[in-house]
Amino acid sequence: MSGFEETILDEADETVRVRFVVNGRKVACEVAPRETLVDCLRGELELTGTHVGCEMGACGACLVQVDGRAVHSCLMFAVQADGARIDTIEGLTESGAIADLQAEFHRRNALQCGFCTPGMLVNAHELLSQMAQPSREAIRDALSGNYCRCTGYEAIVDAIDAVAKARSVGDAR
Amino acid sequence: MTAPLTSLDRPNSYIGRSLPRPNAKRLLAGRGRYVSDLRLPRMLYAAFLRSPRAHATIVSINADEARVLEGVHLVATGADLAKICTAWTGTLDHFKGMTSAPQLPLPLDRVVWAGQAVVAVVAESRAIAEDALELIEVDYEDLPAVVDIDVAREAGGPQVNPGSASNICFRSQLDSGTVDDAFAHAAHVVEEEFFFGRHTAVTLEPRAIVADYDPAAGMLTVHHGTQTPYQFQDLYSRHYGIPEARVRVIATDIGGSFGMKLHVYHEDMAVVGLSILLGRPVKYVADRIESFVSDIHAREHRVRARMALDTKGEILAMDVLDLTAIGAFSTYPRTSVVEGNQVIRLIGAPYRFRNYRATLEVIFQNKVQTSQYRAVGHPIACAVTERMVDMAAAKLGLDPFAIRAQNVIADDAYPQTSPTGYRFEALSHQACLKRLHEMMGYDDLRAEQAELRKRGVYRGIGIATFVEITNPSPAFYGVGGARISSQDGAIVSLTPSGEVRCLISVTEQGQGTEAIISQIVADQLGLAQEHVKVITGDTEVTPHGGATWACRGAGIGGETALQATRALKRNILEIAALILQEQPSALDIVDGEVVDAGTRNQRMPIAEIARIAYFRSDTLPPGTQAQLTVSHHFAPQGYPFAFTNGIQGCSLEVDVDTGFIRLLKHFIVEDCGRVINPMLVDEQLRGGIVQGLGAALFEECRYSDTGQLVNGSLADYLVPMPMEMPDILITHVETPTADTELGAKGVGEAGTAAASACVLNAVNDALAPFAATINAIPITPTKVLKALKRF
């Protein structure tokens with residue numbers, strides 16, 4: 001390349017080394033400062049279970065856990081997550097942490113195209129970790145940052161409700 | 001009315017059983033394979049520079065700086081792609097007189113809507129491609145933008161297509177001949193003008209495509225998030241001059257479609273061309289902002305309607321004018337006039353009256369193209385019809401249930417032909433009305449409403465009957481010259497291990513196509529569902545067929561699977577009969593075992609027949625050639641469409657101080673014929689209803705006077721959220737079609753068809769004490785307050 005004194009590419013091309021604990025494993029990535037966490041997860045780390053729906057924090061398809069809390073990975077730069085513990089749908093599945101939610105979603109067909117589902121599960125997991133017995137209204141309220149265009153939401157609410165009840169029965173035993 | 005008992009109703013039948021979808025577990029584990037996830041070796045990324053103007057001449061394009069940016073492989077303009085891609089025109093022959101300008105992947109000299117792709121950049125990453133877009137300068141010269149419907153219709157006004165006589169794309173008129181006479185002698189006439197806002201599908205995964213042209217093999221492979229891989233195989237083949245057999249379209253998991261992803265998009269066609277020019281895979285995923293200005297929109301209609309009634313409330317006639325504005329082109333290959341055509345043909349469909357006149361005018365303007373989106377035309381036809389019926393009921397002092405019961409076509413009066421030419425085989429309006437009345441607890445709801453009104457709480461109750469078009473025959477597209485199949489094909493094999501594999505042309509978007517096909521195959525062959533594997537969505541693998549649209553998957557795809565499986569079963573039993581020295585008719589298959597048809601005594605597993613046929617054919621009688629793979633096609637015959645019907649009801653509350661509407665409960669009684677999987681049917685209804693409720697209250701693509709979409713982001717365009725949506729109660733009436741063995745009709749659009757009409761009626765019911773009326777959707781708080789003269 002010649003003829004350029006400076007290009008925006010030079011700036012954009014600079015990468016930064018970041019380290020995370022993703023799904024329980026230490027990983028390091030070279031990322032551009034402008035790269036979002038979701039692009040890093042889906043691109044460099046090939047964790048394509050986390051989805052991109054709006055890139056503005058409205059739809060919830062990109063939710064992951066950062067240090068145990070649900071976070072829009074489209075609204076966070078990868079460099080901001082340096083040093084964080086990140087759990088994605090892949091890790092939550094392998095650890096069995098959401099197995100009961102996944103089974104209940106399956107049983108009730110609380111998903112159709114499945115694109116919103118990983119984010120929905122991350123949010124449901126967070127809700128149930130904070131509130132043992134949410135009312136249906138509280139479930140609907142908690143899910144209001146997760147758009148689903150297929151299901152009409154009712155089966156999702158039913159599934160989370162059923163899991164909450166099953167978990168509390170289990171706790172009581 | 002319930003389905004007569006057949007072999008499909010035997011105990012333990014898979015038909016009619018609620019079972020989870022086998023393929024959903026992958027999606028729950030984050031193991032979906034969406035096109036937006038795909039990364040191929042040497043893959044490049046496309047981005048598009050879009051027009052900021054609604055209508056302008058392209059004076060010049062300077063892309064010199066972009067071309068030399070490191071990481072950029074190609075910058076392509078309209079002229080570059082026009083050299084390898086032939087133009088397309090979105091017309092169909094059976095829409096007499098319709099016109100539309102030819103389209104190319106990127107424009108040559110003029111942009112016709114704000115957001116139209118103008119220049120393509122292909123680079124090593126999407127980010128670099130977008131950096132390059134910023135270095136491109138396009139000089140535009142504004143032309144007058146046609147935005148408003150009235151301006152578009154003005155004689156001598158600005159033209160979307162300079163040099164054309166008008167902005168009219170298509171005009172159509174239906175007239176049963178005696179409408180004026182009916183109105184002249186009517187005791188009552190109600191009249192209203194309705195406004196329907198544009199909305200759009202907002203699939204959660206935006207459009208995604210990876211085109212991979214291999215010049216060495218002369219082979220194009222396209223990974224495409226679409227409902228209709230065969231249609232695109234045909235189109236890519238013909239427009240890029242590649243033999244059909246060397247075009248492969250793979251439609252894997254898809255993050256929602258709802259009709260939106262079966263149209264030709266300029267960017268998608270461009271990406272195919274870019275891959276051909278580069279000989280490398282090129283990926284394009286629309287971002288959300290791009291989706292709003294490039295995915296098809298739907299339903300910008302203004303309808304003026306009149307209804308005539310006699311003294312007793314018998315509907316005598318309807319007279320309708322539908323104006324719809326579709327953007328600058330008619331969408332290819334299904335056109336942008338099907339929606340309006342279905343509006344004027346579906347208005348009045350549930351009712352008995354014979355005098356009908358309708359005019360449809362389809363108008364060009366400088367906005368995003370409109371075309372088919374879930375429940376094409378139905379919500380508009382339903383809202384117009386059902387609001388008129390409610391207005392008539394109010395005028396005559398009749399209850400909404402009573403006027404409908406009086407006017408619907410009687411359940412025992414079928415077959416019927418509507419004044420618009422639709423032939424109804426058998427519908428169940430009376431049964432559905434009765435069921436809804438019970439399910440809603442209608443009398444109690446009315447009592448509660450009256451009680452609450454005394455306390456200044458304004459609740460509304462609305463109902464809406466509907467008729468839905470499903471299982472389309474070639475009358476839909478084929479006769480118009482579109483190479484869109486109405487038949488489906490299946491290849492069913494008994495594997496060497498005794499399992500069954502079904503390759504079928506209908507496709508999966510999450511509605512459960514693969515699940516119901518496996519239920520049908522398992523049921524008809526006689527083995528457990530977990531031993532059936534269904535494969536869809538790859539033109540190289542699955543037979544050519546219509547795929548999934550217009551609610552045809554269960555009715556046509558399902559019948560294809562049923563017939564194919566019956567043929568395979570016959571072949572298996574022939575071999576079994578030879579081995580067991582029985583007559584084939586004396587044998588059956590139950591749970592993977594060949595049994596005596598009479599006693600059900602087990603004789604041998606079908607796995608053993610497979611083993612012998614594949615590995616020990618020497619033990620079969622000489623001359624025996626076991627046919628354990630069957631390919632079979634099925635095209636609907638008989639009725640041109642399998643119409644379904646139903647009725648929805650809702651209860652809501654209007655806050656007359658703020659204009660906010662709270663949906664309390666929604667109800668539907670639906671008749672889609674034979675129900676294969678009740679849970680999946682119910683979930684189709686719920687999802688469809690919620691899309692209709694979004695249209696009723698929230699969703700609208702709002703444009704400025706200059707043709708700019710002003711709310712094109714997910715923060716500004718409102719889609720329904722869980723908090724705002726009600727629980728939905730569902731009941732079924734089953735009137736199977738006699739055109740097929742299976743008897744299934746479609747169900748995917750029924751929810752959307754009547755939900756907005758139902759809400760419109762309920763809001764008007766709530767506002768009745770104020771003599772305020774609403775005639776437009778979405779019904780925003782502002783519109784409510786304006787109707788109440790409080791804003």
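How many helices and strands does chain A have? Let's work that out, along with a few other puzzles.

Before you start: this is a predicted model, where local features need pLDDT of at least 70, side-chain atom pairs count only at pLDDT 80 or more, and totals for chains, interfaces and linings use all residues. Residues are numbered from 1 along each chain as its sequence is written, while chains are lettered from A and ligands numbered from 1 in the order in which they are written.

**Exercise 1. Take stock of chain A and sort out its sheet.**

Step 1: Count the elements. Chain A has seven helices and five strands. Helices (H or I, at least four residues) and strands (E, at least two) are DSSP runs, numbered from the N terminus.

Step 2: Read along the sequence. The pattern you get for chain A is α-β-β-α-β-β-β-α-α-α-α-α.

Step 3: Put the strands in sheet order. In chain A, five strands make an open sheet, ordered 2-1-5-3-4, and the pairing is mixed. Two strands pair if DSSP finds at least two bridges between them.

Step 4: Look for the edges. Strand 2 (25–31) and strand 4 (69–72) of chain A each have a single partner strand, so one side of each has no neighbour in the sheet. From one strand to the next, the twist averages 40°. Axes here are lines fitted to C-alpha atoms (for helices, over the stretch in contact), and angles run from 0 to 180 degrees between N-to-C directions.

Step 5: Zoom in on one pair. Strand 1 (residues 16–22) and strand 5 (residues 85–87) of chain A are parallel partners, with two bridges. A:Val22 sits opposite A:Ile86 in strand 5 of chain A.

Step 6: Add a helix. Helix 5 (residues 117–130) of chain A lies across strand 3 (63–66) and strand 4 of chain A, at about 45° to strand 3 of chain A.

**Exercise 2. Find out which strands of the seven-stranded sheet in chain B stand at the edges, then place two helices on the sheet.**

Step 1: Write down the order. This open sheet of chain B runs 3-5-1-13-10-11-12, with mixed pairing.

Step 2: Check both ends. Strand 3 (72–76) and strand 12 (247–250) of chain B are the edge strands; each has a single partner strand, so one side of each is left without a neighbour in the sheet. Neighbouring strands are turned by 20° against each other on average, direction ignored.

Step 3: Pick a pair inside the order. Strand 10 (residues 208–214) and strand 13 (residues 281–285) of chain B run antiparallel, joined by five bridges. B:Asp212 has B:Pro281 in strand 13 of chain B as its bridge partner.

Step 4: Lay the helices on. Helix 7 of chain B lies across strand 11 (219–224) and strand 12 of chain B, at about 150° to strand 12 of chain B. Helix 8 of chain B lies across several strands, including strand 1 (44–50) and strand 5 (117–123) of chain B, and runs at about 25° to strand 10 of chain B.

**Exercise 3. Describe how helix 7 and helix 8 of chain B pack.**

Step 1: Get the geometry. Helix 7 (residues 229–240) and helix 8 (residues 266–278) of chain B pack at about 55°, with axes 11 Å apart. That makes helix 7 of chain B oblique to helix 8 of chain B. The cut-offs: angles under 35 degrees are roughly parallel, over 145 roughly antiparallel, 65 to 115 roughly perpendicular, and the rest oblique.

Step 2: List who meets whom. B:Tyr236, B:His239 and B:Tyr240 of helix 7 of chain B meet B:Met269, B:Val272, B:Gly273 and B:Ile276 of helix 8 of chain B. Contact means that C-beta atoms, placed from the backbone, lie within 7 Å.

Step 3: Sort them by class. The residues of this contact between helix 7 and helix 8 of chain B split into five nonpolar, two polar and no charged. Ala, Val, Leu, Ile, Met, Phe, Trp, Tyr, Cys and Pro count as nonpolar, Asp, Glu, Lys and Arg as charged, and the others, Gly among them, as polar.

**Exercise 4. Work out how many residues each chain gives to the contact between chain A and chain B.**

Step 1: Count. Chain A gives 46 residues and chain B gives 49 residues.

Step 2: Find the main contributor. Helix 4 of chain A supplies the largest share of chain A's side, four residues.

Step 3: Classify. Chain A's side touching chain B has 22 nonpolar, 17 polar and seven charged residues.

Technical notes
Two residues are in contact if their C-beta atoms, placed from the backbone, lie within 7 Å.
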